[in-house]
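Here is a friendly briefing to read with the model open beside you. Could you load the structure and keep a residue selector handy?

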Amino acid sequence: MNGPIIMAAAFVIAMAIGVPIPFAAGIATVAGLLIADIPLTLMAQAAWTAFEPFPLVTIPLFILAGQLMEQGGMSEKLVNIAQKLVGAYRGGLGLVTVVACMFFAALSGSGPATTAAIGSITIPAMQAEGYRSRFAGAIAAAAGALGSMIPPSNLLIIFALVTDVSIPRLFLAGIVPGIVLGLMLMVVVFIVSLNNGYGGSGERFRWGPLLEAFWEGKWAVFAPIIILGGIYAGIFTPSEAAAVAVAYGLFVGTFIYKGLTWQKLFHAFKFTAIVIGTVLFILGSTKAFGQLVTIFDIPTSVLALFQGISDHPWLVMLLIGVFYIIVGMWLESIPQIIIFTAVFFPLVTSLGIDPVVFGIFTVMTCEIGFLTPPIGVNLFVAARISKISIEEISIGVLPLLIPYLLMILLLVFLSGWVTYLPNLVYGPSL
């Protein structure tokens with residue numbers, strides 16, 4: 001038992017003194033290897049096996065596709081459609097932000113990218129219309145987190161790589177929770193806006209302007225239909241779909257909307273290289289960490305720890321959810337998924353919990369981590385656009401956390417609806 005304790009202590013101490021997460025995981029892994037008298041070459045071997053799976057190429061391609069679509073002008077078209085759809089109501093621009101984030105989430109696969117793409121357009125507009133800055137930024141941050149749930153989702157891909165759960169099944173399972181969560185966020189935005197008198201032009205909804213906006217933005221609307229439709233129709237795999245998304249974003253941004261310039265292309269490639277470099281570094285160092293978790297038989301110890309309440313899977317899920325939310329306040333989502341899925345996945349599957357449901361549950365708790373300081377990435381992105389402090393926007397996001405917490409409870413106590421679409425398309429999982 002000394003090995004796991006020393007590994008955990010090394011990881012926590014390294015994090016506490018400001019060591020970056022990949023290095024902290026590496027230090028903890030080296031400590032575990034030395035205790036177990038395992039050659040340090042395991043680190044290199046683990047990194048190699050972490051980079052080997054072909055589906056890993058999906059992540060940089062979807063990141064690049066999202067950047068090309070943002071830089072090429074698709075985000076403006078989606079905002080315009082959302083404006084014509086719900087912009088006339090009280091809190092219209094706030095509702096527009098949520099709807100546009102739902103659209104763009106189906107293109108980018110990333111919460112922070114969705115926040116940046118849509119928030120950079122709608123936050124200044126909300127501020128000009130009298131919205132309090134902290135609430136305007138909070139709407140973009142909370143709705144932007146939908147990018148990690150509505151497919152294609154980079155976090156769902158990471159979970160699939162760690163657990164060997166089917167990526168298409170996870171993608172299908174994320175659609176309904178993502179839409180329901182978006183509708184719940186819209187209800188909160190409307191209530192807060194109604195109480196504070198935010199926005200609303202008072203004009204009646206008309207089909208003409210909406211259809212015109214849809215026609216102007218048809219290339220942006222067709223993107224998720226082509227990408228996701230191709231996956232579910234069996235035309236191409238998720239990895240091939242990511243390549244199609246890049247080609248589509250490049251074509252539309254260059255020849256249709258003509259928003260892509262050489263400078264924007266360079267920015268898109270640079271952003272993708274930085275993000276995927278970080279992901280690979282984290283994945284490489286934490287893969288060996290995950291292997292040591294198995295070598296030290298930590299999942300069995302965790303199972304024994306929960307033995308007294310194993311007759312109540314809902315209670316186990318609630319405790320894991322609370323743990324994930326607390327950890328998510330301090331740890332970024334990708335290492336959180338890689339490290340702790342190795343510990344908890346064997347436990348929840350032994351209790352009969354559907355792996356797909358646990359994947360959606362895991363990503364949902366990570367979304368809360370996007371919205372809680374001190375690490376909350378979406379909060380930092382939205383705060384920078386809003387030109388306010390992280391403390392101020394953290395207060396503004398509080399009412400928008402309610403839908404996320406309600407969704408966690410739905411996943412714990414009523415999860416059958418999550419697997420309805422995957423089971424309908426692919427049949428029940430074995």
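The points below go through helix packing, the core, aromatic rings, single residues and backbone details.

Please keep in mind that this is a predicted model. A good place to begin is the largest nonpolar core, which has 138 residues. From there, the briefing moves on to one helix pair and then to individual positions.

**Nonpolar core**
- Within the core of 138 residues, those with the most contacts are Ile320, Phe344, Phe358, Leu400 and Tyr404.
- Helix α6, covering residues 92-108, gives the most to this core, with twelve residues.
- As general background, nonpolar side chains in soluble globular proteins tend to be buried together.

**Helices α8 and α10**
- Helix α8 (residues 133-144) packs against helix α10 (residues 167-196) at an angle of about 170 degrees, and their axes are 11 Å apart.
- Because angles over 145 degrees count as roughly antiparallel, α8 is roughly antiparallel to α10.
- On the α8 side, the contact is made by Phe135, Ile139, Ala142 and Ala143; on the α10 side, it is made by Leu185, Val189, Val192 and Ser193.
- By residue class, the contact of α8 with α10 has seven nonpolar residues, one polar and no charged.

**Aromatic rings**
- There are 14 aromatic pairs in the structure.
- One of them joins Phe323 and Phe344 edge-to-face, at 5.6 Å centre to centre and with 70 degrees between the planes.
- This pair links distant parts of the chain, with Phe323 in helix α16 (residues 313-328) and Phe344 in helix α17 (residues 333-350), 21 residues apart.
- The two partners fall into separate exposure classes: Phe323 is partly exposed, with a relative accessible area of 33%, whereas Phe344 is buried at 7%.
- Phe344 is also among the residues with the most contacts inside the largest nonpolar core.
- One aromatic cluster is formed by Phe159, Phe345, Phe358 and Phe361, and Phe358 is another of the core residues with the most contacts.

**Two polar side chains in helices**
- Asn378 sits in helix α19, residues 377-386.
- Its relative accessibility is 0%, so Asn378 counts as buried.
- Leaving aside neighbours within four places in sequence, Asn378 is in contact with Gly111, Pro112, Thr115, Ala141, Gly144, Ala145, Phe370 and Leu371.
- Gln291 belongs to helix α14, residues 262-295, and is partly exposed, with a relative accessible area of 26%.
- Residues up to four places away in sequence are not counted here: Gln291 touches Leu42, Ala46 and Thr49.
- If you would like a distance to check, Gln291 and Gly197 are 54 Å apart in space, C-alpha to C-alpha, and 94 residues apart in sequence.

**Backbone details in the loops**
- The peptide bond from Pro151 to Pro152 is cis, with omega near 0 degrees.
- Pro152 is placed in the loop between α8 and α9 (154-163).
- Lys258, in the loop between α13 (238-256) and α14, has a phi near 55 degrees, a positive value in a residue other than glycine.
- At 62% relative accessibility, Lys258 counts as exposed.
- Lys387 also has a positive phi, of about 60 degrees, although it is not a glycine.
- Lys387 is found in the loop between α19 and α20 (390-396), and is exposed, with a relative accessible area of 76%.

Methods. Residues are numbered from 1 along each chain as its sequence is written. This is a predicted model: local features need pLDDT of at least 70, side-chain atom pairs count only at pLDDT 80 or more; totals for chains, interfaces and linings use all residues. Side-chain values use heavy atoms; hydrogens and water are left out. Axes are lines fitted to C-alpha atoms, for helices over the stretch in contact, and angles run from 0 to 180 degrees between N-to-C directions. Helices (H or I, at least four residues) and strands (E, at least two) are DSSP runs, numbered from the N terminus. Angles under 35 degrees count as roughly parallel, over 145 as roughly antiparallel, 65 to 115 as roughly perpendicular and the rest as oblique. Contact means heavy atoms within 4.5 Å. Ala, Val, Leu, Ile, Met, Phe, Trp, Tyr, Cys and Pro count as nonpolar, Asp, Glu, Lys and Arg as charged, and the others, Gly among them, as polar. A nonpolar core is a set of buried Ala, Val, Leu, Ile, Met, Phe, Trp, Tyr and Cys residues joined through side-chain atoms within 4.5 Å. Buried means under 20% relative accessible area, exposed over 50%, partly exposed in between (1.4 Å probe, protein chains only). Rings of Phe, Tyr and Trp (its six-membered ring) pair if their centres lie within 6.5 Å; planes under 30 degrees apart count as stacked, over 60 as edge-to-face and the rest as tilted.
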